[in-house]
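User: I am new to this structure and would like a close look at a single part, the largest pocket and what surrounds it. Please take me through it slowly and explain each term as it comes up.

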Amino acid sequence: GVEGRRLLLLDVYWPVRSGDELVGAMWNRQSQEMIRLGLVKGGGVPDPRKQLLADMRQLMLRWGSERDVGIVMMGDMNLPVMRDRCEDKRRREEWDEWSEILALGGLCNLSGMVWGGEPGMWSYESGGSRSWIDWVCVSRSLEKAGGVTGMWMVDKEVMGSDHRGMVVDVD
């Protein structure tokens with residue numbers, strides 16, 4: 001492998017507000033926890049999506065400067081991997097801020113680099129529609145040093161999920 005490096009593995013879920021009972025439950029649970037932790041000031045309304053951006057910015061400021069730490073981050077971001085697939089201004093602004101945070105941590109959007117331009121690529125399927133909202137990001141230094149030796153998606157259902165499993169081979 002890449003000699004003398006440590007590896008930080010992150011699994012991230014970026015919640016969405018939804019009327020769906022299961023999806024909405026996660027938004028509600030995170031909103032309640034934000035209130036309990038005192039993260040919502042002056043009677044404001046909690047926004048777990050904005051909180052994730054703030055948390056990830058702090059995390060990247062801390063770990064992005066650690067030159068001997070490679071980062072592999074995967075997750076359901078509920079945000080298209082490619083900016084041109086963002087449906088509205090709010091999503092494009094989130095995409096831009098997310099990309100800025102990745103750059104701050106020295107990470108690259110590996111899924112976008114590898115599969116971004118491929119027609120028909122998808123990671124999530126619901127109600128007959130498919131989208132690509134699951135991200136794989138790695139440290140640029142890890143990628144450039146040859147530390148990522150492969151990446152692929154699982155074609156079969158994994159544990160009843162509506163998301164395809166993604167695998168990154170790290171050396």
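Analyst: A residue is called buried when its relative accessible area is under 20%, exposed when it is over 50%, and partly exposed in between, using a 1.4 Å probe and protein chains only. The model is a predicted one, in which local features need pLDDT of at least 70 and side-chain atom pairs count only at pLDDT 80 or more, while totals for chains, interfaces and linings use all residues. Residues are numbered from 1 along each chain as its sequence is written, and side-chain values use heavy atoms, with hydrogens and water left out.

The pocket itself comes first. Rolling a probe the size of a water molecule over the atoms shows where empty space is left. The search runs on a 1 Å grid over the protein atoms alone, where a cavity is a set of points at which a 1.4 Å probe fits but cannot get out, whereas a pocket is an open set with protein on both sides within 12 Å along at least five of seven lines, and lining residues have an atom within 4 Å of a point. Grid points are joined across faces, edges and corners, and a volume is the space filled by probe spheres set on the points.

By this reckoning the largest pocket has a volume of about 720 Å³. Its lining is made up of 26 residues, and those nearest the centre are Asp 76, Asn 78, Tyr 124, Ile 133 and His 163. Two or more lining residues come from each of α1 (21–36), α3 (89–104), β4 (124–126) and β5 (129–131), where helices (H or I, at least four residues) and strands (E, at least two) are DSSP runs numbered from the N terminus. Helix α1 contributes the most to this lining, with 5 residues. Sorted by class, the lining of the largest pocket holds 12 nonpolar, 5 polar and 9 charged residues; here Ala, Val, Leu, Ile, Met, Phe, Trp, Tyr, Cys and Pro count as nonpolar, Asp, Glu, Lys and Arg as charged, and the others, Gly among them, as polar.

Among the residues nearest the centre of the largest pocket, Asn 78 deserves a closer look. Asn 78 sits in the loop between β2 and α3, and it is buried because its relative accessible area is 14%. Not counting residues up to four places away in sequence, Asn 78 touches Tyr 13, Trp 14, Pro 15, Val 16, Arg 49, Arg 91 and Ile 133, contact meaning heavy atoms within 4.5 Å. Its backbone has a phi near 50°, a positive value in a residue other than glycine. Most residues other than glycine have a negative phi, and most peptide bonds are trans.

Two of the arginines that Asn 78 touches, Arg 49 and Arg 91, also belong to a network of salt bridges, together with Arg 90 and Glu 94. A salt bridge is a side-chain nitrogen of Lys or Arg within 4 Å of a carboxyl oxygen of Asp or Glu, and the structure holds 9 of them. Within the network, the side chains of Glu 94 and Arg 91 meet at 3.0 Å, N to O. Both lie in helix α3, 3 residues apart, about one turn of the helix. Glu 94 counts as buried because its relative accessibility is 10%, and Arg 91 is likewise buried, at 17%.

Helix α3 has a further link through Glu 100, whose side chain forms a salt bridge with that of Arg 57 (3.0 Å, N to O). Glu 100 lies in helix α3 and Arg 57 in helix α2 (residues 48–63), so the pair ties together parts that are 43 residues apart in sequence. Glu 100 is partly exposed, with a relative accessible area of 46%, and Arg 57 is partly exposed at 23%.

Helix α1 has its own salt bridge, between Glu 33 and Arg 36 (2.5 Å, N to O), which are 3 residues apart in that helix. Glu 33 is partly exposed at 33%, whereas Arg 36 is exposed at 59%.

Asp 76, one of the residues nearest the centre of the largest pocket, is also among those nearest the centre of the second largest pocket, along with Asp 11, Met 74, Gly 75 and Asp 134. This second largest pocket has a volume of about 280 Å³, and β1 (6–13), β2 (69–76) and β6 (134–139) each give at least two residues to its lining.
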